[in-house]
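Welcome! Have a look at the structure below, and then work through the exercises at your own pace.

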Amino acid sequence: MMMMRSSYSCSLLLMLALMSSVSMAAQGPRLFMVGDDFGWRVPLPNDTAVYSHWASTNRFHIGDSLSFVYDKDSVMEVDKFGFYHCNASDPITAFDNGNSTLDLDRPGLFYFISGSHPHCTSGQRLIVEVMHVHHHHHNQDIASMSPISSTPSASASPLPPIVASAAFLAIAALVSFLTIAHD
Ligand SMILES: *[C@@H]1O[C@H](CO)[C@@H](O)[C@H](O)[C@H]1NC(C)=O
Ligand SMILES: *[C@@H]1O[C@H](CO)[C@@H](O)[C@H](O)[C@H]1NC(C)=O
Ligand SMILES: *[C@@H]1O[C@H](CO)[C@@H](O)[C@H](O)[C@H]1NC(C)=O
């Protein structure tokens, strides 16, 4: 009796965990406020890694966007070289309107700097990595698994097997739940 109860609650917990991870994956495009309440400005001396920390606590998907909010400053999307050298001479895009929204419209790395050289070297710069799989549309996940696809980027996606094994585990949990319920 004790054993049945504990495996029953295990199955239930597993199902709940899977259901919540599936619903998180199904979220639509999101708008991220860069730096949260801190916004986009020169990091404090005791928190120079504020933007790498901020990026590491979020997951970015194709279709999401970033909102940079700042005062008497700017934001530029640059290439890797521009990022590491705080070189603002040849930006991909540049804004100084105080609230700039940039779309994460492709997978891979995005580099952002303040157009002010001293601000950038003080840590006002951000790298964001956008996931290769768009979780929002399940059909796209399946399409990107298809070997027919000829684009090399489509085969680089690591996520669909995880989705498949999650589905398998959910079914396994359901089966053991039903078995126990019938006992
Ligand atoms: C950094 O210093 C400011 C005051 O200058 C303080 O409000 C903040 O909590 C400190 N942050 C950290 C991460 O220690
Ligand atoms: C920035 O990069 C450009 C090439 O894009 C180069 O001509 C210039 O000297 C660089 N400036 C600095 C300060 O590194
Ligand atoms: C900045 O723009 C975003 C998107 O348009 C909006 O949601 C946000 O409220 C704005 N923030 C400020 C401080 O203006």
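Here are four short exercises, each with a worked solution, on a model that is predicted.

**Exercise 1. Find out how many helices and strands the protein chain has, and in what order they run.**

Solution. Start by counting: the protein chain contains six helices and seven strands. Next, walk along the chain from the N terminus, and you will meet them as α-β-α-β-β-α-β-β-β-α-β-α-α. Then turn to how the chain folds back on itself. Take the contacts between residues at least 6 apart in sequence: 72% of these join residues at least 24 apart. Finally, check burial: the chain has 183 residues, and 17% of them count as buried.

**Exercise 2. Work out the strand order of the open sheet of three strands, and name its edge strands.**

Solution. Follow the strands across the sheet, and the order reads β1-β2-β5, with mixed pairing. The edge strands are β1 (31-33) and β5, since each of them pairs on one side only. From one strand to the next, the twist averages 25°. Now zoom in on β1 and β2: these two run parallel and are joined by three bridges. As a landmark here, look for F32, which stands opposite L66 in β2.

**Exercise 3. Locate the largest nonpolar core and say which of its residues touch the most other members.**

Solution. This core holds 18 residues, and those touching the most other members are F68, V75, F112, I113, L126 and V128. Now ask which elements give two or more residues to the core: they are α2 (50-56), β2, β3 (75-78), β6 (108-113) and β7 (125-130). For a closer view, pick F112 and set aside its neighbours within four places in sequence; F112 is then in contact with V75, M76, E77, R125 and L126. As background, nonpolar side chains tend to be buried together in soluble globular proteins.

**Exercise 4. List the residues around ligand 2 and around ligand 3, and sort each shell by class.**

Solution. Begin with ligand 2, which has H85, N87, S89 and D90 around it. Sorted by class, the shell around ligand 2 has no nonpolar residues, three polar ones and one charged one. Move on to ligand 3, where the surrounding residues are L31, S67, V69, N99 and T101. Two elements, β2 (65-69) and β5 (99-103), give two or more residues to the shell around ligand 3. The classes in this shell are two nonpolar, three polar and no charged residues. To link this with the second exercise, recall that β2 and β5 both belong to the open sheet with the order β1-β2-β5.

Key:
Residues are numbered from 1 along each chain as its sequence is written. Chains are lettered from A and ligands numbered from 1 in the order in which they are written. This is a predicted model: local features need pLDDT of at least 70, side-chain atom pairs count only at pLDDT 80 or more; totals for chains, interfaces and linings use all residues. A residue is near a molecule or strand if its C-beta atom, placed from the backbone, lies within 6 Å of it. Ala, Val, Leu, Ile, Met, Phe, Trp, Tyr, Cys and Pro count as nonpolar, Asp, Glu, Lys and Arg as charged, and the others, Gly among them, as polar. Helices (H or I, at least four residues) and strands (E, at least two) are DSSP runs, numbered from the N terminus. A residue is buried if 20 or more other C-beta atoms lie within 10 Å of its own, exposed if 12 or fewer, and partly exposed in between; C-beta atoms are placed from the backbone. Two residues are in contact if their C-beta atoms, placed from the backbone, lie within 7 Å. Two strands pair if DSSP finds at least two bridges between them. Axes are lines fitted to C-alpha atoms, for helices over the stretch in contact, and angles run from 0 to 180 degrees between N-to-C directions. A nonpolar core is a set of buried Ala, Val, Leu, Ile, Met, Phe, Trp, Tyr and Cys residues joined through C-beta atoms within 7 Å.
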